[in-house]
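Please examine the model displayed here. The account that follows is meant to be read beside it.

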Amino acid sequence: MKNYIYFLLAIAALLLVGCESGASFTVINKSNYPIYASVGKRAEVTIPGQGTYTWDIDTDTQHIFGGQVKEKVQVCINGETYLMFDEALDAYVDTTYVYLKAGENRRAFIWPNRAGVKINNESDQLMASADIFRHDGVVETHVAAFADLEPGASTHCTLPPATPSNSFYYIAEVVMEDGTRYVYGDFNNVLRVDEQFLITITGP
């Protein structure tokens, strides 16, 4: 009888060891600028440059005698100098899906792959518009536009980075609510990967 009890206890211990539930997903920001990420229906979080954030994900319990348990989770990630690239779509995206196994601790290393522009409106009036232009010394190309940036607010987007074989610079033309115009940047404003064109509007 005693041996039978020991046998049942051993089986129970084995089942407990063989049961796993829950997973985690960790984003490791290897850029020098913030990234913005959400997992599932969780609220978006800001992960600072060189920062890390972990989400705990609920899954069904995986038993030793059962099949493998996976949870499909939507992941949204974009950064001030990073965008996800989907090779299947051959396009930049901000949303993808991952399958997390029960008991898995998944880590995603986010390496910068873009340049960026960020505008901080520290003036006391609305920024009506801002247009970002790329110049290669001959051709001017409009690459981004912003509108209606309130006082105290900020906005950003990523930009293609210059390379040794394809160099160019960026200029921004800003128009305020009262019609005042500002120009930022010049031929020295060449942005490489993980470099940002920071525009701070302080007003007159």
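The paragraphs below treat the sheets, then the charged side chains.

This is a predicted model, in which local features need pLDDT of at least 70 and side-chain atom pairs count only at pLDDT 80 or more, whereas totals for chains, interfaces and linings use all residues. Residues are numbered from 1 along each chain as its sequence is written, and side-chain values use heavy atoms, with hydrogens and water left out.

Strands of a sheet pair through backbone hydrogen bonds, in either a parallel or an antiparallel sense. Strands here are DSSP runs (E, at least two residues), numbered from the N terminus, and two of them pair if DSSP finds at least two bridges between them. One open sheet consists of four strands in the order β3-β2-β5-β8, with antiparallel pairing. Its edges are β3 (45-47) and β8 (95-101), each of which pairs on one side only. From one strand to the next, the twist averages 35°; the underlying axes are lines fitted to C-alpha atoms, and angles run from 0 to 180 degrees between N-to-C directions. Within this sheet, β5 (residues 70-79) is joined to β8 by seven antiparallel bridges, and E71 lies opposite L100 of β8.

Another open sheet of four strands follows the order β12-β11-β14-β15, and its pairing is antiparallel. Here the edge strands are β12 (140-149) and β15, each pairing on one side only, and the twist averages 15° from one strand to the next. Strand β11 (residues 127-135) is connected to β12 by eight antiparallel bridges, with S129 standing opposite A147 in β12. These two strands, β11 and β12, make a hairpin with four residues between them, and G137 in the turn has a positive phi of about 95°. Strand β11 also runs antiparallel to β14, to which eight bridges join it; the bridge partner of D131 is E173 in β14. Strand β14 in turn pairs with β15 in the antiparallel sense over four bridges, where A172 faces Y184 of β15.

Side chains of opposite charge can pair when their charged atoms come close. The structure holds two salt bridges, a salt bridge being a side-chain nitrogen of Lys or Arg within 4 Å of a carboxyl oxygen of Asp or Glu. One of them joins the side chains of K118 and E80 at 3.2 Å, N to O. This pair links distant parts of the chain, as K118 lies in strand β10 (residues 115-121) and E80 in the loop between β5 and β6 (84-86), 38 residues apart.

Which residues form a negative surface patch? They are D124, D148, E150, E177 and D178. Such patches consist of residues with over 30% relative accessible area and no salt bridge, like charges being joined within 9 Å; accessible areas come from the Shrake-Rupley method with a 1.4 Å probe. Of these residues, D178 is located in the loop between β14 (169-176) and β15 (181-184).

Key:
Patches are made of residues with over 30% relative accessible area and no salt bridge: like charges are joined within 9 Å, nonpolar side chains (Val, Leu, Ile, Met, Phe, Trp, Tyr) within 5 Å. Lys and Arg count as positive and Asp and Glu as negative; His and the chain ends are not counted. The place of a charge is taken as NZ of Lys, CZ of Arg, CG of Asp or CD of Glu.
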